[in-house]
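Here are a few short exercises to work through with the model open in your viewer. Try each one before reading its solution.

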Amino acid sequence: MASSPVALVLHGGAGVLARRSYDREVEHLHSLAERGRTLLHDGMSAIDVVADLTRAMEVSGLYVAGKGSAPNVEGRYELDAAIMDGPCRMAGAVAALEGFVSPIDAARMVMEKTPHVLLAGDGAARLARKNGLEEVEDPDSYYKPAAVADNRAIATGTVGAVALDAEGRLAAATSTGGTLKKTPGRVGDCPLIGSGTWADTEVAVSCTGQGEYFIRSLAAGTVAARIRYLQESPDEACRWALKDVKRLGGDGGIIAVGKDGRVAFPWNSEGMKHAVLHPDGRITAGVKAG
Ligand code: ASP
């Protein structure tokens, strides 16, 4: 059955501190890429693989997503997530969702159980509850903010996954606790389809960085448009989009995989936690260049 090469890229956020070790995160991402390789070789669809791996990152507590999320200025945990299925361009997203272990599962519920793309706040929570998603009983003991442990003013540790499966299907998923001490109700780029997350029949994209800049540059959609209309490679398109983010004053990273298995994972911040399953089957992982 496996006719096309499979490929996968994961990110654990582009906000890294120069002197901190990210060995644990990189090791974790590497192990997830291995799991992704097995799942893809077993014939699992790209959409199931990105959901599975994003959920694993959410529950790990190692990133600013799910368990490791940053609280807003009032100490509440409002989480964003999005998922997109390239072949049918179906998408689901949740914004400012409180009280659930896996926002990416809630985003998938929006895609599969409603005619909508994005549900926010209480409406998103009600859908998640109705569908029996696991709830966070006690937020103060459940969440272990990864960024607070780093003593950082701005937390950027969103997680994302993009995959190409054996049948040539592309999918993308992104999940985040957003930025540390954000204003209540703030929504970042991650759940906005075309800003932080995108998948179509050409490419799957997930972004990380200060979301406001990725929204104002329509980063993920720009990557897709440059590939579709200018025939750029995923790497060229991602680098162009990051330059645009930079022009506005921001920085961050973008991961992408194209329909032929070409992967891209550039960043213009200090580093980006990432792991890559290359189309030749190799896995690489790291946080900085070199
Ligand atoms: N993009 C995310 C946001 O602004 C943050 C991140 O990438 O870590 O919500």
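**Exercise 1.** Work out how the shell around the ligand splits by class: how many residues are nonpolar, polar and charged?

*Solution.* Start with the head count: in this predicted model, twelve residues surround the ligand. Now sort them. Ten are polar, two are charged, and there are no nonpolar residues in the shell. As for who sits closest, the list reads T158, R186, D189, G209 and G211.

**Exercise 2.** Find which atoms of T158, R186 and G209 pair up with the ligand, then check how much of the ligand's area the protein covers.

*Solution.* Take the ligand's oxygen atoms to begin with. A polar side-chain atom of T158 is 2.7 Å from a ligand oxygen. R186 also uses its side chain, with an N or O atom 2.8 Å from an oxygen of the ligand. Next, go to nitrogen: a polar backbone atom of G209 lies 2.7 Å from a ligand nitrogen atom. Finally, the cover: on its own the ligand has 270 Å² of accessible area, and the protein covers 100% of that.

**Exercise 3.** Decide whether D52 is buried or exposed, and list its contacts beyond its sequence neighbours.

*Solution.* First, place the residue: D52 belongs to helix α2, which spans residues 46–60. Its relative accessible area is 17%, and the cut-off for buried is under 20%, so D52 counts as buried. Then skip everything within four places in sequence, and the contacts of D52 are R35 and L39. One last distance: G12 is 40 residues away along the chain, and its C-alpha atom is 15 Å from that of D52.

Note on methods:
Residues are numbered from 1 along each chain as its sequence is written. This is a predicted model: local features need pLDDT of at least 70, side-chain atom pairs count only at pLDDT 80 or more; totals for chains, interfaces and linings use all residues. Side-chain values use heavy atoms; hydrogens and water are left out. Helices (H or I, at least four residues) and strands (E, at least two) are DSSP runs, numbered from the N terminus. Buried means under 20% relative accessible area, exposed over 50%, partly exposed in between (1.4 Å probe, protein chains only). Contact means heavy atoms within 4.5 Å. A residue is near a molecule or strand if one of its heavy atoms lies within 4 Å of it. A polar contact is a pair of N or O atoms within 3.5 Å; within protein, one must be able to donate a hydrogen and the other to accept it, and residues adjacent in sequence count only if both atoms are side-chain atoms. Accessible areas come from the Shrake-Rupley method with a 1.4 Å probe; for residues, only the protein chains shown count as cover. Ala, Val, Leu, Ile, Met, Phe, Trp, Tyr, Cys and Pro count as nonpolar, Asp, Glu, Lys and Arg as charged, and the others, Gly among them, as polar.
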